[in-house]
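This briefing is meant for a reader who is meeting the structure for the first time. Please look over the sequence and the model below before turning to the notes that follow.

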Amino acid sequence: MEEELDAKVAAVLDAHSEKAIAASKESGKELSEDEDDLLEELERDEALDAFREKRLQQLHDELARARRLKDQYHGSYREVTAEKEAMEATTSSKYSVIHFFHSDFRRCKIMDAHLEVLAQKHFDTKILKINVENAPFLVERLHVRVLPCVISFIEGKSVDRLEGFEKLGSADEFSTATLEAHFIMVGIFQRPKTIDDGVSKGILRTEKKVDDNDDDDDWD
């Protein structure tokens, strides 16, 4: 059984992640984990007392684990073009999410924006996407009929399916936090790391010339 992460360690890691993501957007560089800065922040906590060594060790272990997962393409949202790679992702990682999309569908682009944010925050879960035109076998096997279709897996077994935005409130303007809460509920994510952000509203503004009648897009 996995050891539960200390609440203070989790808070420090999550706060640092937010800063790193914001900095990477401004600089255009990849996320980095400055262990010295994190350790210093944890050391400043006056409530550490007897838990100091345990918390410092947990922080060190979590950073090392995050680096290992990053080498396995965790922590980023990427597209795969081969069905075999998509299938392997569901078995090589304990938690995985696959977004079946089509480049012409506006709602798929909205889903992309949210998943890109979440992938950077939830290292434990591998999140990727594949174009349905490149995945005829998986589309048939998994009965993908409505896009966007987001299927979640735990240890290779499908545990949840999002078709369109019905489970997210139906409207296009749902927040990243709403999607995150759904993934927590089904066991794909472990804890909340996101606040309401209005990402979809920005997407809707940039995609306003796309047909607005494609609420849930049938894919046959």
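The protein has eight helices and seven strands, and the coordinates examined here come from a predicted model. Of the 220 residues in the protein, 48% are buried. Among contacts between residues at least 6 apart in sequence, 71% join residues at least 24 apart.

**Strand β3 and its neighbours**

- Strand β3, which spans residues 125-131, is mostly covered, and seven of its seven residues are buried.
- In a regular strand, the side chains alternate between the two faces of the sheet.
- In β3, the residues T125, I127, K129 and N131 point one way, while K126, L128 and I130 point the other way, and all of these residues are buried.
- Strand β2, made up of residues 95-101, pairs with β3 in the parallel sense, and seven bridges join the two strands. Within this pairing, the bridge partner of Y95 is T125 in β3.
- Between β2 and β3 the chain passes through helix α5, residues 106-121, and the resulting β-α-β crossover is right-handed.
- Strand β1, residues 78-79, also runs parallel to β3, to which it is joined by two bridges. Here R78 of chain position 78 stands opposite L128 in β3.
- The charged end of K129 sits over the ring of F101, at 4.8 Å from the centre of that ring.

**Aromatic pairs**

- The structure holds two aromatic pairs.
- One of them joins F165 and F174, whose ring centres are 4.8 Å apart and whose planes stand at 70°, so this pair is edge-to-face. Both F165 and F174 are buried.
- F183 and F189 form an aromatic pair that is likewise edge-to-face, with 5.0 Å from centre to centre and 65° between the planes. F183 is buried, and F189 is buried too.

**Cysteines**

- How many disulfides does a search of the whole structure find? The search finds zero disulfides.
- Why does C108 form no such bond? The cysteine sulfur closest to that of C108 belongs to C149 and is 9.5 Å away, which is too far for a bond, because a disulfide requires a pair of cysteine sulfur atoms within 2.5 Å.
- Seen from the other side, the sulfur of C149 has its closest cysteine sulfur in C108, and the 9.5 Å between them is again too far for a bond.
- C108 has a relative accessible area of 1% and is therefore buried, and C149, at 0% relative accessibility, also counts as buried.

**Residue S92**

- S92 is found in helix α4, which covers residues 83-92.
- Is S92 buried or partly exposed? With a relative accessible area of 48%, S92 is partly exposed, because that class lies between the buried limit of under 20% and the exposed limit of over 50%.
- S92 and E155 are 63 residues apart in sequence, while their C-alpha atoms are 7.9 Å apart in space.

Key: Residues are numbered from 1 along each chain as its sequence is written. This is a predicted model: local features need pLDDT of at least 70, side-chain atom pairs count only at pLDDT 80 or more; totals for chains, interfaces and linings use all residues. Side-chain values use heavy atoms; hydrogens and water are left out. Buried means under 20% relative accessible area, exposed over 50%, partly exposed in between (1.4 Å probe, protein chains only). Helices (H or I, at least four residues) and strands (E, at least two) are DSSP runs, numbered from the N terminus. Two strands pair if DSSP finds at least two bridges between them. A crossover is right-handed if, with the strands pointing away from the viewer, the path from the first strand over the helix to the second runs clockwise. Rings of Phe, Tyr and Trp (its six-membered ring) pair if their centres lie within 6.5 Å; planes under 30 degrees apart count as stacked, over 60 as edge-to-face and the rest as tilted. A charge sits over a ring if NZ of Lys or CZ of Arg is within 6 Å of the ring centre and within 35 degrees of the ring normal. Contact means heavy atoms within 4.5 Å.
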